[in-house]
Amino acid sequence: MLTAVITQTVGTLIAGFIAWLVWGPIVGLSLVAGGGSIAIPNALLALRLIASRPEVGPIVLLIGEPIKIALSVLLLWAAVRWIEDLSWLGLISGLVLALKSLLLTPWIQGHLDRRQAERMMSKPLDSQTKSSD
């Protein structure tokens with residue numbers, strides 16, 4: 001769950017930085033605002049789910065999902081309202097980027113799981129070779 005949120009956040013920030021360098025600060029800020037309007041509510045819901053007891057997780061999700069959507073809409077409205085000369089292309093691009101970055105999450109999680117499994121497998125081997133020396 002946190003891998004998805006980290007993927008959304010890092011992807012949005014990297015794309016915003018690149019957009020800032022290539023097209024200017026307004027496009028970069030608009031892109032980060034669009035991606036942040038998705039990533040921030042997702043992070044809050046993920047943290048709430050982690051903090052709750054497992055047996056109430058479905059209830060938290062059922063109540064939290066409409067709140068998450070409402071917060072996303074509120075953040076998008078705030079971005080449109082407060083960013084002067086908003087780049088609509090940047091805002092929509094950030095929104096799509098944050099939503100579609102979730103497609104990378106299974107690949108990233110699988111890669112992290114493989115690395116952890118390799119570390120776990122190499123630890124007993126290292127301790128056995130040290131004790132036999």
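I looked up S52 first and found that its relative accessibility is 12%, so S52 counts as buried (under 20% relative accessible area with a 1.4 Å probe and protein chains only, where over 50% is exposed and in between is partly exposed). I note that this is a predicted model, in which local features need pLDDT of at least 70 and side-chain atom pairs count only at pLDDT 80 or more, while totals for chains, interfaces and linings use all residues. Residues are numbered from 1 along each chain as its sequence is written, and side-chain values use heavy atoms, with hydrogens and water left out.

I placed S52 in the loop between helix 2 (25-51) and helix 3 (57-82), helices being DSSP runs of H or I with at least four residues, numbered from the N terminus. Leaving aside neighbours within four places in sequence, I found S52 in contact with G57 and V60 (heavy atoms within 4.5 Å). I also saw that the S52 side chain reaches the backbone oxygen of L49 at 3.0 Å.

I then turned to helix 3 and helix 4 (residues 88-100), whose axes come within 12 Å and cross at roughly 160°; the axes are lines fitted to C-alpha atoms over the stretch in contact, with angles from 0 to 180 degrees between N-to-C directions. That makes helix 3 roughly antiparallel to helix 4, a term for angles over 145 degrees. Where the two meet, I listed L76, A79 and V80 from helix 3 against W88, L91 and L95 from helix 4.

Following A79 further, I noted that A79 touches A33, L86 and L91, not counting residues up to four places away in sequence.

How values were computed
A polar contact is a pair of N or O atoms within 3.5 Å; within protein, one must be able to donate a hydrogen and the other to accept it, and residues adjacent in sequence count only if both atoms are side-chain atoms. Angles under 35 degrees count as roughly parallel, over 145 as roughly antiparallel, 65 to 115 as roughly perpendicular and the rest as oblique.
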